[in-house]
Number of protein chains: 2
Amino acid sequence: MASKDWKAKAKALKKTLKGMTAASDQTGTSAAQVVAKKAKQVSPLAPARFPSLPIIAGVEFSAVEAGIKYQNRKDVMLVRLAAGTAMAGAFTRSSTRSGCVRDCQTKLALKVAPNTGAAIIVNSGNSNAFTGAVGDKAVAAVTGSVAQALDLPAERVFSSSTGVIGEPLPFEKILDKVPALTSALREDAIEMAAHAMMTTDTFPKGATATVQGDGGLIQIAGIAKGSGMIAPDMATMLVYIFTDAKIAARDLQKMLSRNVDQTFNSITVDSDTSTSDTLLIAATGQSAAAAVKGPVAKAFEAALRDVMMNLAHQVIRDGEGATKFVEVRVTGAASDVDAHKVALSIANSPLVKTAIAGQDPNWGRIVAAIGKSGAAADRDKLTIKFGDILVAKNGWRSPGYSEDEGAAYMLQSELVIAVDMGLGRSKRSVWTCDLTNGYIQINADYRS
Amino acid sequence: MASKDWKAKAKALKKTLKGMTAASDQTGTSAAQVVAKKAKQVSPLAPARFPSLPIIAGVEFSAVEAGIKYQNRKDVMLVRLAAGTAMAGAFTRSSTRSGCVRDCQTKLALKVAPNTGAAIIVNSGNSNAFTGAVGDKAVAAVTGSVAQALDLPAERVFSSSTGVIGEPLPFEKILDKVPALTSALREDAIEMAAHAMMTTDTFPKGATATVQGDGGLIQIAGIAKGSGMIAPDMATMLVYIFTDAKIAARDLQKMLSRNVDQTFNSITVDSDTSTSDTLLIAATGQSAAAAVKGPVAKAFEAALRDVMMNLAHQVIRDGEGATKFVEVRVTGAASDVDAHKVALSIANSPLVKTAIAGQDPNWGRIVAAIGKSGAAADRDKLTIKFGDILVAKNGWRSPGYSEDEGAAYMLQSELVIAVDMGLGRSKRSVWTCDLTNGYIQINADYRS
């Protein structure tokens, strides 16, 4: 960025900030508190609107109000997938993962041929995690009920629950609504489904991509929920991606597994890992295009990856209390493992995240986070940049760096922290957000 | 705790809380915000007063105002140690640790016989970390100047710097004050020294113990600083312990190393590791008691450990924004490593820490933290307690647990979260504090 550009931008942004500070002075609250108070409003980092998602042939949605925890909003959603749908998934590795997650894993491992249809049922408000044998029975009852209503084998009905951990799930409320859910299924209700699975989310998350297949288009549409308790450990929170591609389950699973690491495994809001993280992909095979293979397979995988990355970034954009969207870009690491360690150490550091919240270009805290990461590091070979601004190199502050320039950069809502380790060729990006009063308030108040 | 006891206690505490809430309603700020606003005041968890520390024969202190960053307060302190003083130390393992830390490590490794005296010089306001070769020169200049002034070999002068990372240390300001420091040395000025090294600390930290040696008493007095960027990775922040014991440096080092793991390596405020963590122990050998050996060695080590634990706990009690002092006590783990992993995972979980700040007995988040720890865990064998209150066992909420009882417990300012893994005999405690708006405000504002 040219010097004049950032100065002009900084001036404008500082003016805005000054307005906020002035306002806050009157009420005795800081700008961060103002943001915190608006925590229930839509995240300032949210996309302008929910994207227009295509209808995926063979996929229908419905959602109802079951009153599990939230009132006056839809909290259970159902997806029906036509016969011939291939399924693949990725899940949290938490040792205390929920009954739903274990059930999905068991069912996918059965590798049932997709000659029957399938279904996914999701509730918000209660995660049915750490609810013991009673929780496992609830999963069996809910998936069994959907299987019966839709005339599917039980092993083709997948479920997710998201919300409070440790409270028994009032699953009878879901059972009562199965008839309403099955009778309301519609091809064009994916946005409603995205809404029904929200918890502390401030906006529903959707993404889409289209691929030119042999003989026709292949469509991909995905939805996600996630806001807090976001850390990479196979997938993140709840994500469902639908496509009409003709592709075998094992190929779909391979594509998913190849791309989950640099998408959903590369985001962190708060370093906390959910017990419910679930990513399911369903391919109905109803596209007019021929089976996915050759160059189309490459294009399809790239499109799938785009949708995954887009949804992963939206989860960060809805990070609890977030006011900044931050890419931590590590290059020059001695190994891939080291690159990931350094990126996560910076992205999870409360001191780095609070400095970002305070719009303070406190690159010293980045140095400390590199130091604690456990990765190979040589102080005198490190390079640190804020965006294009060279901040530090050769073991100390760059002579050309000006604190004013750094401070101006930090006023932006989208930031890149770039670290070159100067040791090798491995690289990794991780996406995160800042740590604000909003996060504290949401999580100190949640449940109470 | 008998049922009546906690009910009475809860009633009283709820009344107090209600007062806070009522007050906060009027101003539109939460109780947590009230605490945050008082962040510059002394921590609510602080001891009533600085302890009365004994004079340690052979140890003198002084402190001056050098204006390194802070104005109108002492920010550099000097300790002179008499000839015959044995030294031992423990340091951060950060790969970006400061020049002072590397210098201390190099000097201790030289194993210079204590026939000359020694000195320690400490400044606050600037950590001289990630300041490259210029920073290393500053360390050499400061320690060299003290060595000359006190007629000591340079390898017997140790230094620490604490404060902002990455800013060049204005070390000339320290050099200018060396004459004033050396002329002001006094045996009874340890509290002043503890004050001079404070940064975001809200109170100076001191602890003492006395041991009956053969032929006389052995005294121990220690001081510490630390408030944020506290995580276990050899020692934590700055700690200096003085004793008049007659003990060889190698024995002192062994005792220190044996006990650092369960004291300074078992505390965490925010999971961030400092680049400056330094623990130095100096034994002047001037006690009337005979050399430390046999049963006296055991008693001395126990007393030393008590002082280390006491100072470690005070660091947590001064955790940035802290309103709760929390012991996470893990038992029944499959291995020592697992016990430590689980305890740290809970103690570092932002969601657990914000729930504690919100006085919410949200034990589900504890389950999630256990799950993400990487330690062996079996949902159906876990037991979770708040103090003596059985919360969960056998994979779900205990039938006898009442949320009201849990909520009443959380109102206390000192909490024990006890987790039995039900898998083995390994155990570990870690001490931490809650995560509040106060932490955010201190760290979003610090430096700016």
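In β5(B), S159(B) is the bridge partner of I121(B). Strand β4 (residues 118-126) of chain B and β5(B) run parallel and are joined by 8 bridges. Strands here are DSSP runs of E with at least two residues, helices are runs of H or I with at least four, and both are numbered from the N terminus. Two strands pair if DSSP finds at least two bridges between them.

This is a predicted model, in which local features need pLDDT of at least 70, side-chain atom pairs count only at pLDDT 80 or more, and totals for chains, interfaces and linings use all residues. Residues are numbered from 1 along each chain as its sequence is written, while chains are lettered from A and ligands numbered from 1 in the order in which they are written.

**Two open sheets in chain B**

β4(B) and β5(B) belong to an open sheet of 4 strands, ordered β1-β2-β4-β5 (chain B), with mixed pairing. Its edge strands, β1 (59-64) and β5 (157-164) of chain B, each pair on one side only. Neighbouring strands are turned by 15° against each other on average, direction ignored. Axes are lines fitted to C-alpha atoms, for helices over the stretch in contact, and angles run from 0 to 180 degrees between N-to-C directions. Helix α4 (residues 132-150) of chain B lies across β2 (76-81), β4 and β5 of chain B. α4(B) runs at about 135° to β5(B). Residues are in contact if their C-beta atoms, placed from the backbone, lie within 7 Å.

A second open sheet has 5 strands in the order β3-β10-β8-β7-β6 (chain B), again with mixed pairing. Here the edges are β3 (86-91) and β6 (205-213) of chain B, each pairing on one side only. The twist averages 15° from one strand to the next. Two helices pack on this sheet, and both touch β3 and β10 of chain B. Helix α3 (residues 99-109) of chain B makes about 135° with the direction of β3(B). For helix α7 (residues 249-260) of chain B, the angle to β3(B) is about 30°.

**Strand pairs in chain B**

| Pair | Sense | Bridges | Residue partners |
|---|---|---|---|
| β6(B) and β7(B) | antiparallel | 9 bridges | T208(B) and A221(B) |
| β11(B) and β15(B) | parallel | 7 bridges | R329(B) and A418(B) |
| β11(B) and β16(B) | antiparallel | 7 bridges | R329(B) and S429(B) |

R329(B) thus has a partner in β15(B) and another in β16(B).

**A helix pair in chain A**

The axes of α10 (residues 350-357) and α11 (residues 363-372) of chain A come within 9 Å and cross at roughly 160°. α10(A) and α11(A) are therefore roughly antiparallel to each other, a term for angles over 145 degrees. Their crossing is left-handed: the near helix is turned anticlockwise from the far one by less than a right angle. L351(A), V352(A) and A355(A) in α10(A) meet R365(A), I366(A) and A369(A) in α11(A). These contact residues divide into 5 nonpolar, no polar and 1 charged. Ala, Val, Leu, Ile, Met, Phe, Trp, Tyr, Cys and Pro count as nonpolar, Asp, Glu, Lys and Arg as charged, and the others, Gly among them, as polar.

**Domains of chain A**

The domain assignment gives domain 1 (3-30 + 321-445) and domain 2 (59-315) of chain A. Such bounds come from an automatic or database assignment. Domain 1 of chain A gives 10 residues to the contact, and domain 2 of chain A gives 8 residues. On the domain 1 side, α9 (336-348), β16 (426-433) and α13 (437-445) of chain A each give two or more residues. β16(A) gives the most, with 5 residues. By class, that side has 6 nonpolar, 4 polar and no charged residues.

Methods. Parallel < 35°, antiparallel > 145°, perpendicular 65-115°, else oblique.
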